[in-house]
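Okay, thanks for squeezing me in. I'd like to walk you through one model, sheets first and aromatic rings after that. Let me put it up on the screen.

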Amino acid sequence: MRNKTLLIATLVLGLVALAVVFSSREETKPENDKQPLIEASLLNGLQSFVVKSNGKTATLEKSAEGIWTVKDKLGLPADIENRLTPLLRSLQKANNYGLLTTNPKRLEKLGLADSSLTLNAAGKSVTIEFGKPTEDGLGNSARLAGQPHAIRTDFSGYLEGDASAWVDFTLLTAKGEEVKSVAFTWADGKREFIRPEKGKPFPGKNDESMSELCNTLATLRVSDAVAKGDKEADTAFAKSFQVRLGFFDGATATLTFAKLAGKTPTEPGKAFVRVSHSDAKHKVNSYAAKVEFVAPAWIMEQVPSSDADFKKSQQPPAEANAAPSLRIPSQGPLISAPSPK
């Protein structure tokens, strides 16, 4: 009798343990019970969306002309190819696989409050919070605004809350081989280099450096932008220099560079660039009244900021391993020590 009681007690404890285990695991539905995460009509009529992630917010808006801009970054155009299109495609393919969990403790561990996406169309608006991936690796956990439970999804897109990351910072999109001439205007002088014809090198020993510079500047991508009237930018442009690119098709692009020294000898400082194009309809001309662009440090390393810098860059490097000269006592003539091997 005692053994029977003990067996029953053991079975009861086992059932209780199983119940605890299953209550702590994700509550799931069969994978064939799915539906689109976002209605196709909402995505097709999308007018704006807001991404919140890592404590930052990015708002993108679509104009009446169909142009997407980043509201939180001076209304600059959005990066369609690398940012907007991948996100929309991920949302179009994403499915809702139903209930994941209603357990409050489990919901808290999913981190659903860390990232969210709000999609707005005419008469429609949906906000979805996205959390950690589900344990089965299907995709991110999610929660629709106003609902007390989390759902399983196969969405795995990356949500970026930094507004700058959504901007298309590519200002010029030509090829280096399309540049016919490069003209510099500095405070201490001017220089111009011209290709005789397309496909030919620049004359003289400057071909390699000029060709590399053309490749860099003809496809110009900046690193950031600040509002017109920015104090640092205004201070920098008090002293500036220009590089004018002339293209074989007759167009020209003028790049005005300015540098701001660092506050300490070890601080790299900051560089800015203004770009104008001979084609009045070119997009860079519309930026002049509202923004100043920040030039990447690696570009500034290639662009000589003065005629003196240009001359210095053309000098051959000093031979680092030149053998030192020394005079041996009582031997008279000056000889050179053998080079180290």
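**Sheets and rings**

So, there's an open sheet of 10 strands here, with antiparallel pairing, and the order is S1-S6-S10-S9-S8-S7-S2-S3-S4-S5. The edge strands are S1, residues 35-36, and S5, residues 76-77, each of which pairs on one side only. Keep in mind that this is a predicted model.

Let's look inside that sheet. Strand S2, residues 46-53, runs antiparallel to strand S3, residues 56-62, and six bridges join them. If you want a spot to click on, Ser48 stands opposite Glu61 in S3.

Now, which strands does helix H3 touch as it packs on the sheet? Helix H3, residues 80-93, touches S2, S4 (68-70), S6 (95-101) and S7 (115-121). The direction of H3 makes about 95 degrees with that of S2.

Moving along the chain, take strand S15, residues 252-260, and strand S16, residues 270-277. Those two run antiparallel and are joined by eight bridges. On the other pairing I want to show, S16 is joined to strand S17, residues 291-294, by two bridges, again antiparallel. Phe272 stands opposite Val294 in S17.

Arg274 is a nice one to stop at. Thr256 stands opposite Arg274 in S16, and Arg274 also lies over the face of Phe237, at 3.7 Å from the ring centre.

Okay, rings. Searching the whole structure turns up 11 aromatic pairs. Take Phe184 and Phe310: the ring centres are 6.3 Å apart and the planes sit at 40 degrees, so we call this pair tilted. For anyone wondering why 40 counts as tilted, stacked is under 30 degrees and edge-to-face is over 60. This pair links distant parts of the chain, with Phe184 in strand S11 (residues 179-186) and Phe310 in helix H8 (residues 307-314), 126 residues apart.

Are these two buried or exposed? Phe184 has a relative accessible area of 1%, so it's buried. Phe310 comes in at 4%, so Phe310 is buried as well.

Phe310 has another partner, Phe193. That pair is tilted too, at 5.5 Å centre to centre with 40 degrees between the planes. Here the link is between Phe193 in strand S12 (residues 189-194) and Phe310 in H8, 117 residues apart. Phe193 is buried, just like Phe310.

Put together, ring pairs link Phe184, Trp186, Phe193 and Phe310 into a cluster. That's my tour, happy to rotate things if anyone wants another look.

Notes. Residues are numbered from 1 along each chain as its sequence is written. This is a predicted model: local features need pLDDT of at least 70, side-chain atom pairs count only at pLDDT 80 or more; totals for chains, interfaces and linings use all residues. Side-chain values use heavy atoms; hydrogens and water are left out. Rings of Phe, Tyr and Trp (its six-membered ring) pair if their centres lie within 6.5 Å; planes under 30 degrees apart count as stacked, over 60 as edge-to-face and the rest as tilted. Helices (H or I, at least four residues) and strands (E, at least two) are DSSP runs, numbered from the N terminus. Buried means under 20% relative accessible area, exposed over 50%, partly exposed in between (1.4 Å probe, protein chains only). A charge sits over a ring if NZ of Lys or CZ of Arg is within 6 Å of the ring centre and within 35 degrees of the ring normal. Two strands pair if DSSP finds at least two bridges between them. Contact means heavy atoms within 4.5 Å. Axes are lines fitted to C-alpha atoms, for helices over the stretch in contact, and angles run from 0 to 180 degrees between N-to-C directions.
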